[in-house]
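Visitor: I'd like a close look at one part of this protein: the helices that pack against each other, and whatever helps place them in the chain. Could you walk me through it?

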Amino acid sequence: MVMANSSINSVLHQGSMLPHEFPLASLQRPASFHSFSSTWAITNGALHVSPKRWNCSASSCCFRFRECRCRWKRIVRSCSTSEFVISNDENYSNKQVVSLTPRLYDYVLKNVREPEILRQLRQETASMRGSQMQVSPDQAQLLAMLVQILGAERCIEVGVYTGYSSLAIALVLPESGHLVACERDAKSLDVAKKYYQLAGVSHKVDVKLGLAMDSLESLILNGEAGSYDFAFIDAEKKMNEKYFELLLQLVRVGGLIVIDNVLWHGKVSDPLVNDPKTISIRNFNEKLMEDKRVSISMVPIGDGMTICRKR
């Protein structure tokens, strides 16, 4: 972040200004920063943000969240000082919700029981292209626990990459367990298969190299509809709806389907972001809300996951 920390601290510690809202313009900024009207306030450690936006010039971005790329950003992305946030909608009774600051997220990760073989896979994947596609350790731990709670024996994963989430699932499956792992990239799948072997779970994993749509349709044609307990979708986002419909046929009543990246880096809530991928995720989320065939719970873990239970 280009903004001087000293200027932030000076504003935050002016007790006379709290809990009142104050304009973002009161903070130091370079001359190239322009066209902003957002307001924010902190009350007892909570960050309140107005729905307005600001702009930045193409020559110099002031606030950066990873790479700003001169796009409109919410102020909440540029601030990691708040301990919790409160909805702007008063109907939620000023419910305080924990905001995962970098420091707090580090604490979460320190409290993940990550098996050594998963740690090794994570570290190897970190040096590979597309490593951001790997689920986080806290996500993998949740997936494994859902499988255990469900008592699942037959699972499907759509989108394996290097196998972190599928390995986490395979590790908790019983010896007779069966996981269908669908992946179209042979190179990343080779890494996954290596770790299945190292972990001693290769006999539980049925690797399907190719388009997931073809693999899922093949399972249905093979008479396996309604025979799976658990499914996880983490593949091409624009295909989520099609994957979901096929998996809904394959998963039994009472089984779970979990979809990753439903918050899409926060873009789904920003009306100014309307690229095809964001629109497809936003539309899919809206359809799930109205789908009476499943019970749902959207969980803000990782990049957001929705857990669906087939009715």
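Guide: Here is a tour that starts at one helix, follows its two packing partners, and then visits a few single residues. Keep in mind that this is a predicted model.

For orientation, the protein chain has 9 helices and 14 strands. Its length is 311 residues, and 45% of them count as buried. If you take the contacts between residues at least 6 apart in sequence, 63% of them join residues at least 24 apart.

Let's settle on helix H5, residues 164-172. Two packed helices are described by the angle between their axes and the distance between the axes. With helix H6 (residues 186-199), H5 makes an angle of about 25 degrees, and the axes are 10 Å apart. Angles under 35 degrees count as roughly parallel, so H5 is roughly parallel to H6. The crossing of this pair is right-handed. On the H5 side the contact uses Ser 166, Leu 167 and Leu 171, while H6 brings Tyr 195, Tyr 196 and Ala 199. Sorted by class, the residues of that contact come out as 5 nonpolar and 1 polar, with no charged ones.

Now look at H5 with helix H3, residues 116-125. Here the axes come within 10 Å and cross at roughly 170 degrees. With over 145 degrees counting as roughly antiparallel, that makes H3 roughly antiparallel to H5. From H3 you get Ile 117, Leu 118, Leu 121 and Arg 122, and they meet Tyr 164, Leu 167, Ala 168 and Leu 171 of H5. By class, this contact has 7 nonpolar residues and 1 charged, with no polar ones. Leu 167 and Leu 171 are worth picking out by eye: they are part of the contact with H6, and they also turn up in the contact with H3.

A useful link from here goes through Ser 165. Its C-alpha atom is separated by 8.2 Å from that of Gln 139, although the two are 26 residues apart along the chain. Gln 139 sits in helix H4, residues 137-150. Its relative accessibility is 4%, so Gln 139 counts as buried. A polar atom of the Gln 139 side chain lies 3.0 Å from the backbone nitrogen of Ser 136. Leaving out neighbours within four places in sequence, Gln 139 is also in contact with Asp 260, Ile 301, Gly 302, Asp 303 and Met 305.

Another buried side chain to check is Asn 240, in helix H8 (residues 240-250). Asn 240 counts as buried because its relative accessibility is 3%. Beyond residues up to four places away in sequence, Asn 240 touches Ile 233, Ile 259 and Phe 284.

Before you leave, have a look at two loops. Most residues other than glycine have a negative phi. Ser 93, though, has a positive phi, near 60 degrees. You'll find Ser 93 in the loop between strand S6 (84-86) and strand S7 (96-98), and its 61% relative accessibility means that Ser 93 counts as exposed. His 265 isn't a glycine either, and its phi is positive at about 60 degrees. That residue lies in the loop between strand S12 (251-260) and helix H9 (276-290). With a relative accessible area of 41%, His 265 is partly exposed.

Technical notes: Residues numbered from 1 in each chain as written. Predicted model: local features only at pLDDT ≥ 70, side-chain atom pairs only at ≥ 80, totals over all residues. Heavy atoms only, no water. Axes fitted to C-alpha atoms, helices over the stretch in contact; angles between N-to-C directions. Helix = DSSP H or I, 4+ residues; strand = E, 2+ residues; numbered from the N terminus. Parallel < 35°, antiparallel > 145°, perpendicular 65-115°, else oblique. Left-handed = near helix turned anticlockwise from the far one by under 90°. Contact = heavy atoms within 4.5 Å. Nonpolar A, V, L, I, M, F, W, Y, C, P; charged D, E, K, R; others polar. Buried < 20%, exposed > 50% of the residue type's maximum accessible area, 1.4 Å probe, protein only. Polar contact = N/O pair within 3.5 Å; in protein donor to acceptor, adjacent residues only side chain to side chain.
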